[in-house]
Protein chains: 2
Amino acid sequence: MTNLADLRINAERLRADFEELAAIGGTPDGGVTRHALSNEDLEARAWFANKVEDAGLVLRDDAIGNTSGILVMTNSAAAPSFLIGSHLDTTQNSGSYDGAVGICAGLECLRTLKEAGVQLAVNLEVINFTDQEGVWHSMLGSRGLTGRLGDLTAHRDAETIGAFRAALFRTGIIVNDIHEMYQAVRPPEQVAGYLELHIEQGGRLHRTGRKIGVVSGIVGRSTHLITYLGEAGHSGTTAFDMRRDALQGAAAFINEAHTTLREMFPGGIFNCGKIEVEPGAFNTIPSKAAMLCEVRHPDESAVAQMEGYLLGLAGDFAARFRLNWQDKLVQHMPAAEMSWTMMDAIEMACTRLNVPDPMLLTSYAGHDAQIMAEYTPTGMIFIPSVNGISHNPAEFTEWDDVVLGANVLLQTLISVAGGGQNPA
Amino acid sequence: MTNLADLRINAERLRADFEELAAIGGTPDGGVTRHALSNEDLEARAWFANKVEDAGLVLRDDAIGNTSGILVMTNSAAAPSFLIGSHLDTTQNSGSYDGAVGICAGLECLRTLKEAGVQLAVNLEVINFTDQEGVWHSMLGSRGLTGRLGDLTAHRDAETIGAFRAALFRTGIIVNDIHEMYQAVRPPEQVAGYLELHIEQGGRLHRTGRKIGVVSGIVGRSTHLITYLGEAGHSGTTAFDMRRDALQGAAAFINEAHTTLREMFPGGIFNCGKIEVEPGAFNTIPSKAAMLCEVRHPDESAVAQMEGYLLGLAGDFAARFRLNWQDKLVQHMPAAEMSWTMMDAIEMACTRLNVPDPMLLTSYAGHDAQIMAEYTPTGMIFIPSVNGISHNPAEFTEWDDVVLGANVLLQTLISVAGGGQNPA
């Protein structure tokens, strides 16, 4: 008879899964691209569904394309589940750890518990959330499950919605209308809690040599599409005092935003990740520059202050370069706090596994846990990212740390999923 | 019997042509888009060929897709021609005057001379040059005719060359190999001179109330593709001292280049017309920012100084933001001087037409005349652009000024094409 505290996942089986998954959507420089609902994502979903069935778990999906494997601990697969989640999708030419570690480790924990014949108080469900990275809508799957989708058609044109519906259709789930996605919502009493294992994507664990991070909160984030509108003109012949160069103004604004937002909000972050220029010819003064800007801060009220300052700056620079400008709030993700119960359980799991000094930290990346936290007791476990590199083919975590993280997840699950009994 | 000095073009027929042409590739906001060798350009070429044949001129084309109408004044259409040129192609959502005025006026001058039975010493040829605006290669047609194509395959990949060949194929002229374009070259002795009527695209004539500009020279121009290479990373989690943000560096560089190049080179111009960012996600630090930058100056040696300064600045800012960088010279167009003979003839035509005070000026835009000037005696006539607006749907020239420009072109032609005789 195995003492539950001594139960460990199968590290080789976990590694085999991880490597199979990393090959799906693999890029020439060792990264992966699996945009949500792309062919590569569909391939990863099929791979996951096969793994779920091979493990003898109950395969389940919902109206927004979330896919789960359920280890039935009670008398019914329809009884409340404790969710262990992450995502199979990635950004463009990203790393193979982001999201994948959480899915593979969750699956492996359920296999381990099933093999050991452990009986807990609730069903356990490993879940792949649709579109965490936000090709269509950031954290679409967890928003759908928790009833936090908002009006998906509000800021989208008919063409985009049509393409979205068509992409969903390929998952084999949604057939007629984008609004059927709202049927993915689950009553909160059907969910017993949520845990997610993820790479840190920053360098705090790696720099300090710590192995496990216990997430206390997740930063709030707002994304704005700021568009400068000037006037196209022949670049050679338009007099200087007549120029209204949208890209010149945008360059000055981006430059200033980086400098002053960093100074004014030491705990916050500004990023301009994309700029699109029209008409985009070498010999034409740009008439339009559309900038995708985000601010992040662990403190919800500071997010709002940063937004206010950013938009003030945008207006100042538009005026300075005689440009018109528009702002569209693309997305707001409120700052989230993790459950103390879950944090305690993760720390106890660390003690049981002799992990010295787990580090309490804030996540500067968004995660499905951020959405889940408003809905059910939620916890997150971080493992180190070497040099803090992420969203990049060079993203890397030592394999021993992945295994340790999976075991911390397993032991946390055993304590929070309640009523653990040794197998007979 | 009409005195040749009293001969005038048919303003109504010119206007009808101009309006028909403006409708080809017309955009919803009153502009036009006729990229070289696009469907719209092909439609404009077919329209032009029909007009040439309707006028009883000899239709001719060459291996690079230049299309001409020849008014045979000698015993053969193969005898030397005096060329009157411009272009039917436009930039994206451009104005309807740029290029079109020169083509329509050239055609109208030949019709007027033919109807009047005027006999000159050389054939007259109105020519549409392929791709003046440079979708494929700036001033492709005039480079081909004068033997200044260079190695077209040097900086292009096989895919681009294939697409280029396919686009040329649609003109019905080039069939097998891009190198057949080099057969478009004409021996200089086959060309008696070149004249081009064009809108100014700047505001000097309009501001001063002058009606005709006599171009003395055309600015030199160099276009560089400057690429900053940083490192992609999660925008929320990458530590500040680890960030190598290509767009942040690019914004700072563009901002500085505008300011200091303007201060240091008062007669010169800098434009950054396009920037492309990778991977281009709101939550990823940009790893690549490719900027299309051009410098212009009427003095050829100052163009080189501006290039040197620009690239020095690019290196400084790359270092400041810990980026790698690359430079590619996309194109160099040397500064060109117009022929004194042609300038004199334009001024005499102005006197004959009672145009007060024609303005001697430099062109800050590139024209096929820039290529032709090294090859044959070349002149350019400018007419006012209202508020100097160009490459924009709001580009506008008063119709009376178009008619005046066409008559100055006619009278200049009569004096430079030599041996004018009154009709019997």
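**Two copies and the sheet beside their interface**

In this predicted model, 51 residues of chain A are in contact with 51 residues of chain B. On the side of chain A that touches chain B, the elements giving two or more residues are β8 (233-234), α7 (246-264), β9 (269-278), β10 (284-285) and β11 (288-297) of chain A. By residue type, that side of chain A consists of 21 nonpolar, 25 polar and five charged residues.

How are the two chains placed relative to each other? In general, two copies of a chain are related by a rotation about an axis and a shift along it. Here, a turn of 180° and a shift of 0.0 Å along the axis lay chain A on chain B with an RMSD of 0.1 Å. The two copies are therefore related as by a two-fold rotation axis. Within chain A, Ala251(A) has the C-alpha nearest the axis, at 2.1 Å from it. Both copies use the same surface, since 100% of the contact residues of chain A recur in chain B.

Next comes a sheet within chain A. Four strands of chain A make up an open sheet, in the order β9-β11-β7-β12, and their pairing is antiparallel. Which strands stand at the edges of this sheet? They are β9 and β12 (324-333) of chain A; each has a single partner strand, so one side of each is left without a neighbour in the sheet. On average, and with direction ignored, neighbouring strands of the sheet are turned by 15° against each other.

One pair in the sheet can be followed in more detail. Strand β7 of chain A, residues 220-229, pairs with β12(A) over nine bridges in the antiparallel sense. Among the residues involved is Ser222(A), whose bridge partner in β12(A) is His332(A). A helix also belongs to this part of the picture: α8 of chain A, residues 300-320, lies across β7, β11 and β12 of chain A. Helix α8 of chain A runs at about 155° to β11(A).

It remains to ask how confident the predictor is. For chain A the mean pLDDT is 92, and 97% of the residues of chain A reach 70 or more. In contrast, residues 420-424 of chain A have pLDDT under 50 throughout. For these residues the model has 11 contacts beyond four places in sequence. Where pLDDT is low, the predicted coordinates should not be read in detail. For the model, the scores are ipTM 0.72 and pTM 0.73.

Note on methods: Residues numbered from 1 in each chain as written. Chains lettered and ligands numbered in written order. Predicted model: local features only at pLDDT ≥ 70, side-chain atom pairs only at ≥ 80, totals over all residues. Contact = placed C-beta atoms within 7 Å. Nonpolar A, V, L, I, M, F, W, Y, C, P; charged D, E, K, R; others polar. Least-squares fit on C-alpha atoms with pLDDT ≥ 70 in both. Pairing = 2+ DSSP bridges. Axes fitted to C-alpha atoms, helices over the stretch in contact; angles between N-to-C directions. pLDDT = per-residue confidence, 0-100.
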